[in-house]
Amino acid sequence: MKEMVSIFVVILGLVTSLTAWPAIDEFDVFNYGASGVGQTDDSQAFVHAWRDACNAETHSARVIVPRGGTFLLNPLMFHGPCKPKIIYFIITGTIMASGWPKTWKGHDSSQWIAFKNVTGLNVYGSGLIDGQGMRWWDQSCRYHPDHEGCTKLAPTVLKFLSCNECTLSSIDIVNSPQTHVLIMDSKGFNVDNVMIQSPQDSPNTDGIHIHSSHLVKITNSKIGTGDDCISIGDHSSNIHISNIECGPGHGISIGSLGKDGEMVLVENIDIRDSSFRGTTNGARIKTWQVGRGNIRHVIFENLVFDTVDNPIIIDQNYCDIRGKCEEKASKSGVKISDVAYKNLYGTSSSNIAITLNCSRSVPCSGISMKNINLSSIKPGKSLSASCINVQGKEVGVNPGSCISN
């Protein structure tokens with residue numbers, strides 16, 4: 001009798017644990033009226049699917065963007081906080097912008113798809129997000145300043161605003177009107193195995209921009225755009241970037257920072273195990289002369305350059321007019337310190353492979369270079385290095401010597 005009671009208790013416990021296990025609800029945009037033909041606006045289907053997923057009384061919820069569908073979306077904001085602890089936003093189909101700038105009339109022209117105040121969001125899938133940025137590029141003030149009605153601001157494909165403990169993975173993102181992915185005011189954000197692509201001459205199309213965010217990891221991704229593959233903005237820390245294939249584009253950059261004379265802080269940045277092919281820059285730090293604050297504790301390690309204009313560059317006299325960035329008499333400047341370059345190899349397409357252009361008033365300090373070997377793409381051509389107002393040390397650096405110990 002005791003054995004039967006014990007068995008009943010065990011079975012009851014199993015049933016109780018199974019029924020207590022939180023369910024996962026699925027919200028397929030087709031079930032909310034999406035056409036998936038790429039010609040009619042499916043925005044409301046996505047809005048309603050998100051609304052129900054965000055309010056689901058479950059541990060986890062899934063928004064499904066199915067394979068085989070092409071979904072035309074106007075500007076959208078997916079708001080949190082949400083009731084489920086985890087929301088999966090699974091994209092196996094294609095999401096497409098209208099491509100016509102007039103669609104943004106009455107909307108925020110810097111934004112296409114955005115998530116805000118969502119914790120535990122996981123955006124992934126084998127699908128494609130196409131920003132259809134061609135018409136925006138054709139009216140960009142950067143390349144068409146004489147164009148009547150030219151635009152300085154254009155939509156970012158994906159914005160993550162105040163999104164904590166989130167992931168973006170296994171997605172292809174192409175042809176953004178401007179920046180492809182923005183991570184802002186977020187903590188604990190992982191990006192893995194994404195492909196980001198736009199033409200080399202597309203203006204301001206950064207791959208991923210990080211701003212005011214912490215504990216961000218970007219790994220195992222291919223990024224080729226008309227601007228920085230990855231850029232790190234102000235008030236960001238504990239950023240880890242590795243196994244990135246960058247090119248074309250402007251490299252992986254910290255900055256630019258301090259344009260309006262503000263106080264900046266970027267620290268604990270680790271960039272490693274990555275390659276650059278045909279980029280204008282490789283490992284870059286750029287600050288405006290009027291800025292204040294600090295960039296510190298930065299590591300560039302195990303990087304390979306293939307036909308890169310400026311493989312290693314620090315520019316404390318950055319400006320937005322190329323060739324016009326002369327140093328001015330000023331006591332301000334963003335302090336750059338404790339930057340390590342280790343195991344960097346490859347080819348430079350310019351004669352000066354290493355440029356450390358630091359400020360007289362706020363010199364770069366604690367700069368270390370070890371095991372660096374850069375050669376010209378032209379056989380037999382020697383390269384040089386230029387270091388101004390730099391304090392630190394170097395060991396095994398070619399071209400060198402450059403840093404004043």
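Valine 194 is buried in this predicted model, because its relative accessibility of 3% falls under the 20% limit used for that class. The residue is placed in the loop that joins β15 (187–192) to β16 (195–197). When neighbours within four places in sequence are set aside, the contacts of valine 194 include a run of residues from Leu168 through Ser169 and Ser170 to Ile171. Asn220, Ser221 and Lys222 are also in contact with valine 194. For lysine 222, the C-alpha atom lies 6.5 Å from that of valine 194, although 28 residues separate the two in sequence.

A second loop position, serine 110, is found between β7 (94–97) and β8 (111–116). Serine 110 has a relative accessible area of 13% and therefore counts as buried, the limit being under 20%. Its side chain forms a polar contact of 2.8 Å with the side chain of aspartate 108. Beyond the neighbours within four places in sequence, serine 110 is in contact with Leu153, Ala154, Pro155, Thr156 and Lys159.

Histidine 250 carries the annotation "active site" in an unreviewed UniProt entry. In the model, histidine 250 occupies the loop between β20 (236–246) and β21 (252–257). The relative accessibility of histidine 250 is 14%, so this residue too is classed as buried. With residues up to four places away in sequence not counted, histidine 250 touches Arg142, a group made up of Gly226, Asp227 and Asp228, and a further group consisting of Thr280, Asn281 and Arg284. Glycine 226 is also the partner in a polar contact, in which the side chain of histidine 250 reaches the backbone oxygen of glycine 226 at 3.3 Å.

Open space in the model was also examined. The largest pocket holds about 1,600 Å³ of space. Its lining consists of 41 residues, and those nearest the centre are Ser256, Lys286, Tyr318, Cys319 and Asp320. Two or more lining residues come from each of the strands β14 (181–184), β17 (208–211), β21, β23 (281–287), β25 (310–315) and β27 (352–357). Strand β21 is thus named twice here, as a contributor to this lining and as one of the two strands flanking the loop of histidine 250. By class, the lining comprises 18 polar, 14 charged and nine nonpolar residues.

Note on methods. Residues are numbered from 1 along each chain as its sequence is written. This is a predicted model: local features need pLDDT of at least 70, side-chain atom pairs count only at pLDDT 80 or more; totals for chains, interfaces and linings use all residues. Side-chain values use heavy atoms; hydrogens and water are left out. Helices (H or I, at least four residues) and strands (E, at least two) are DSSP runs, numbered from the N terminus. Buried means under 20% relative accessible area, exposed over 50%, partly exposed in between (1.4 Å probe, protein chains only). Contact means heavy atoms within 4.5 Å. UniProt positions are given in the numbering used here, feature names are shortened, and annotations may be inferred rather than shown by experiment. A polar contact is a pair of N or O atoms within 3.5 Å; within protein, one must be able to donate a hydrogen and the other to accept it, and residues adjacent in sequence count only if both atoms are side-chain atoms. On a 1 Å grid over the protein atoms alone, a cavity is a set of points where a 1.4 Å probe fits but cannot get out, and a pocket is an open set with protein on both sides within 12 Å along at least five of seven lines; lining residues have an atom within 4 Å of a point. Grid points are joined across faces, edges and corners, and a volume is the space filled by probe spheres set on the points. Ala, Val, Leu, Ile, Met, Phe, Trp, Tyr, Cys and Pro count as nonpolar, Asp, Glu, Lys and Arg as charged, and the others, Gly among them, as polar.
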